[in-house]
Amino acid sequence: MMNFTIGGFLIVLLLLAAYPSEARFQTCKPSGKIRGTTPPPGQCNPENDSDCCKAGKFYPTYKCSPPVSETTKAVLTINSFEKGGDGGGPSECDNKYHSDDTPVVALSTGWYNGGSRCLNNVVISGNGRSVTAMVVDECDSTMGCDEDHDYQPPCPNNIVDASKAVWKALGVSEGDWGELDITWSDA
């Protein structure tokens, strides 16, 4: 009987080793949701095909982003960081606007990490090319559909929101700007 107990114990240990704890492999799940409202007239800038919130639609929110690696998978989107652009107010990192001709990005909330990447460079790879860009803002995954966020939905948790300069540097033709599967890493 003692041999069976020890043998059973060893089998359980082997199973645990073969199937590591789920905590190590947790994905970033939504942390909540926001109900959209209709933006006041002229209050949502649809530049760069930006979405405006729709009344009654629920949008997921995230406090996290997928883990960062040397080749973190993401979706590149386009944003104007200029005054009056679809990015809304000045960038969080330096309270300034940035030219669309400068390679700058906003990262989803989890990757922005409370501003720890502010004014640091990241390397973005896609379309067979790479470009270095400076992090100047957060693409807020926790809030949206309000004046502060230009009445746009919360950002998904896997977004690198980039200026036109980044898209040009990656050699993507202007007609194809919008979304592109990329990888990125800290420079």
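A salt bridge is a side-chain nitrogen of Lys or Arg within 4 Å of a carboxyl oxygen of Asp or Glu. With that in hand, let us walk through some close-up views of this predicted model.

**View 1. Asp 186 and Arg 117 meet in a salt bridge.**
The nitrogen and oxygen of this pair are 2.7 Å apart. Asp 186 belongs to strand S8, while Arg 117 sits in the loop between H2 and S5, so the contact links distant parts of the chain, 69 residues apart. How exposed is each partner, Asp 186 and Arg 117? Asp 186 is partly exposed, with a relative accessible area of 39%. Arg 117 is buried, with a relative accessible area of 13%.

**View 2. Asp 101 and Lys 168 form another salt bridge.**
How many salt bridges does a search of the whole structure find? There are 2, and here the closest N and O atoms of Asp 101 and Lys 168 are 4.0 Å apart. Asp 101 lies in the loop between S3 and S4, and Lys 168 is part of helix H3, so this pair ties together parts that are 67 residues apart in sequence. Asp 101 counts as exposed because its relative accessibility is 59%. Lys 168, at 48%, counts as partly exposed.

**View 3. Six strands close into a barrel.**
Follow the order S3-S7-S4-S6-S5-S8 to trace this closed barrel of 6 strands, in which the pairing is mixed. On average, neighbouring strands of the sheet are turned by 45° against each other, direction ignored.

**View 4. Strand S7 pairs with S3 and with S4.**
Do S3 and S7 run parallel or antiparallel? They run parallel, joined by 4 bridges. S4 and S7, in contrast, run antiparallel, with 3 bridges between them. Asp 161 of S7 is a handy residue to find here: it is the bridge partner of Thr 77 and also of Ala 106. The bridge partner of Val 105 in S7 is Ala 162.
Now look at the side chains. In a regular strand, they alternate between the two faces of the sheet. In S7, Ile 159 and Asp 161 point one way, Val 160 and Ala 162 point the other way, and all are buried.

**View 5. The largest nonpolar core has 23 residues.**
In soluble globular proteins, nonpolar side chains tend to be buried together. Which residues have the most contacts inside the largest core? They are Leu 76, Val 105, Ile 124, Val 160 and Val 166. Elements that each supply at least two residues of this core include strand S3 (72–78), strand S5 (121–126), helix H2 (109–112) and helix H3 (164–169). Among the residues that Leu 76 touches, beyond those up to four places away in sequence, are Ile 124, Val 160, Val 166, Trp 167 and Ile 182. A second, separate core has 8 residues, including Phe 81, Val 104, Val 136 and Cys 155.

**View 6. Asp 150 is buried yet has no salt bridge.**
Asp 150 is found in the loop between S6 and S7. Where is the nearest side chain of opposite charge to Asp 150? That side chain is Lys 54, and it is 13 Å away. Leaving aside residues up to four places away in sequence, Asp 150 touches Gln 43, Cys 44, Asn 45 and Asp 86.

**View 7. Lys 63 sits in the loop between strand S2 (58–61) and S3.**
Lys 63 counts as exposed because its relative accessibility is 65%, and the cut-off for that word is over 50%. Beyond residues up to four places away in sequence, Lys 63 touches Ser 31, Thr 109, Gly 110 and Thr 142. Lys 63 and Met 143 are 80 residues apart in sequence, with their C-alpha atoms 9.8 Å apart in space.

**View 8. Asn 113 and Cys 145 have a positive phi.**
Most residues other than glycine have a negative phi. Asn 113 is not a glycine, although its phi is positive, at about 55°. Asn 113 lies in the loop between H2 and S5 and counts as partly exposed, at 46% relative accessibility. For Cys 145, phi is near 60°. Cys 145 lies in the loop between S6 and S7 and is buried, with a relative accessible area of 8%.

Key:
Residues numbered from 1 in each chain as written. Predicted model: local features only at pLDDT ≥ 70, side-chain atom pairs only at ≥ 80, totals over all residues. Heavy atoms only, no water. Core = buried A, V, L, I, M, F, W, Y, C linked by side-chain atoms within 4.5 Å. Buried < 20%, exposed > 50% of the residue type's maximum accessible area, 1.4 Å probe, protein only. Contact = heavy atoms within 4.5 Å. Pairing = 2+ DSSP bridges. Axes fitted to C-alpha atoms, helices over the stretch in contact; angles between N-to-C directions. Lys, Arg positive; Asp, Glu negative; His and termini not counted.
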